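Me: Could you take a close look at the enclosed empty spaces in this model for me? I'd like to know what surrounds them.

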Amino acid sequence: MSTALAIAELEAGYEPGLAIVRGASLEIAAGEIVALLGPNGAGKSTLAKAVAGLVPIFSGSVRLGEKEIAGAQAHLLARAGLGFVPQTENVFAPLTVAENLELAAAVAHVKAKQRLPELYALFPDLAKARRIDAGRLSGGQRQMLAMARALVPNPRVLILDEPSAGLSPKLVEHAFAKLAEIAASGVAVLLVEQNVKAALAIAARGAVLVEGRVHVDAPARDLQVPGVLERLFFPHAEAAAP
Amino acid sequence: MILQIIADGLIVGSTIALGAIGLTMTYSLLRFANFAHGEFIAWGAYLALTFLGFFIALGGGGAMAPLGPFSFGWQLLAALVAGAIATALLALVLDWLLFDRLSAQGSAIVLTIASFGAALALRNFLQFVYGSLPAYYTRELQIAIHIVPRDVGGGLRATPDQLFVLGLALVLVVGLHLFLQRTTAGRAMRAVAHNPALARVTGIDVASVVRWTWILGAILAAVAGTFAGLVGQLRPQIGFDLLLPLFAAAILGGIGSVPGAVIGGLIVGLAESAAVPLIGAEYRAAAAFGVLIAILLVRPQGLFAERAK
């Protein structure tokens, strides 16, 4: 499978000289789901936002297919095929469901009449709610809309920042089943998650980020062994133990 | 009497509403209160005066031939358009020179104080260029026509120019509403106002949307200034005097809400109009203060705040 997203030695952060992501490297192939895991404060969300163009990159490389995109503006990345779903406030609440999707289609120069029925088929709940303001949707529906919005321009890579946050276990299962469907269509998915169990259940690989660096990049089944992740998340605790 | 108060209030309110729309749009996208917005109103009015002279000269000079029952000819309509375009350019230059640079490193309070300074500079430069004496687009006398006879609610009279101002303001507000609701550019503006970061990852060029917001706000301000000059007189303080009613209207409607700014503008206009027979014409401007204080005490988030979010 071809590499859809390649991150190499990435350093990024909100303030100059204060890197939160410190030399992270990761590759994702087309159609693959990679779960980005790690303890709180490891820099998972910052890494996702840096790749999406929302956080300044200090050094390193990010390639979307063959194209170097490190430091590119977020709106150009979205149009170039990199979809990003933020953790919170990930829909335009004052716009209806249809307006959210039509706007994404218009700015990406995608034919809404052709693309929206495909997305409504993938997310039938959205079809029923298309005339409702996004701000009135339930948490699960919002997450579906956020994914659908990011999928409108047919992205090659989809990055999701904690899509399970605030959802019930049943809704998480539903949302992740949709993600598996999306990946099966050839989209590379980078799933930033705290819900390790659910993420590894659908991911091919898991990358563990500790203190801004990818500490381990291994097949998901290897990380599902009890006790492995705890050791990887807190390597210093193990070293300090008597 | 009551009908006349309502009609006068709506005419004044329509001008306030047009100005308040620009103010609230700038606030919702750029997150600062732009005190220089009043000067866009004044510059729009005076630039239209300059273009009016140009178009009259272009037509061979002499007096402006009025269009139908109005006091003005086609030259003022052309000057209104040209003045609005020139005001939009002025707003873009001010953004490029000041606000864009400061927003990259400053907070909302820095931008607000900068807008104070810009307002002072723009007002004084306007006075330097045009002088402080009142000016007029036309010296044609207009006779108010009876629209409702005196025995119905005290009657209602208005000049054709006042009806033109009310009608065109209504057309612009409806047009703006359709633009924001139906067009991609309008929806992009609403999206950026709601969540700029999400707008960026959706593929929206936020910088371009901000530029269009300045352009739209300045055009509406210029039209408001020209209307104020048409039904009254041109003075360098015309924008400064409207600033308080603009803020009262924007806050009353709920900062960030365009429909709120329109309703707020009309309410402030009606309050000003009702203040004349109740407390005297000299205290008319105090009505906007009264409305502003009442809103801040009773409903500080404004009437349409939920929609604004």
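Reply: Happy to; here is a walk through the cavities, followed by a helix from the same model. Keep in mind that this is a predicted model.

The structure holds 2 cavities of 30 Å³ or more. The largest cavity contains about 60 Å³ of space. Its lining draws on both chains: from chain A come A:A78, A:G81, A:L82, A:G83, A:A104, A:R149, A:A150, A:P153 and A:P155, and from chain B come B:V201 and B:T202. Three elements each supply at least two residues of this lining, namely β6 (82-85) and α6 (139-151) of chain A and α7 of chain B. By residue class, the lining of the largest cavity divides into 7 nonpolar, 3 polar and 1 charged.

The second largest cavity has a volume of about 30 Å³. Its lining is made of B:L76, B:L77, B:L80, B:F164, B:T226, B:F227 and B:L230. Here α3 (74-105) and α8 of chain B are the elements that give two or more residues. This lining counts 6 nonpolar residues, 1 polar and no charged.

Now for the helix. In α6 (residues 184-194) of chain B, 8 of the 11 residues are buried, so this helix is largely enclosed by the rest of the structure. The buried set consists of B:G186, B:R187, B:A188, B:M189, B:R190, B:A191, B:V192 and B:H194. Their cover includes α3 (97-107) of chain A, along with α1 (2-30), α5 (160-182), α7 (196-202) and α8 (206-231) of chain B. Two of those names will be familiar: α7 of chain B also contributes to the lining of the largest cavity, and α8 of chain B to that of the second largest.

Definitions and conventions
Residues numbered from 1 in each chain as written. Chains lettered and ligands numbered in written order. Predicted model: local features only at pLDDT ≥ 70, side-chain atom pairs only at ≥ 80, totals over all residues. Heavy atoms only, no water. Buried < 20%, exposed > 50% of the residue type's maximum accessible area, 1.4 Å probe, protein only. Helix = DSSP H or I, 4+ residues; strand = E, 2+ residues; numbered from the N terminus. Contact = heavy atoms within 4.5 Å. 1 Å grid on protein atoms, 1.4 Å probe; cavity = no way out; pocket = protein on both sides within 12 Å on 5 of 7 lines; lining within 4 Å. Points joined across faces, edges and corners; volume = space filled by probe spheres on them. Nonpolar A, V, L, I, M, F, W, Y, C, P; charged D, E, K, R; others polar.
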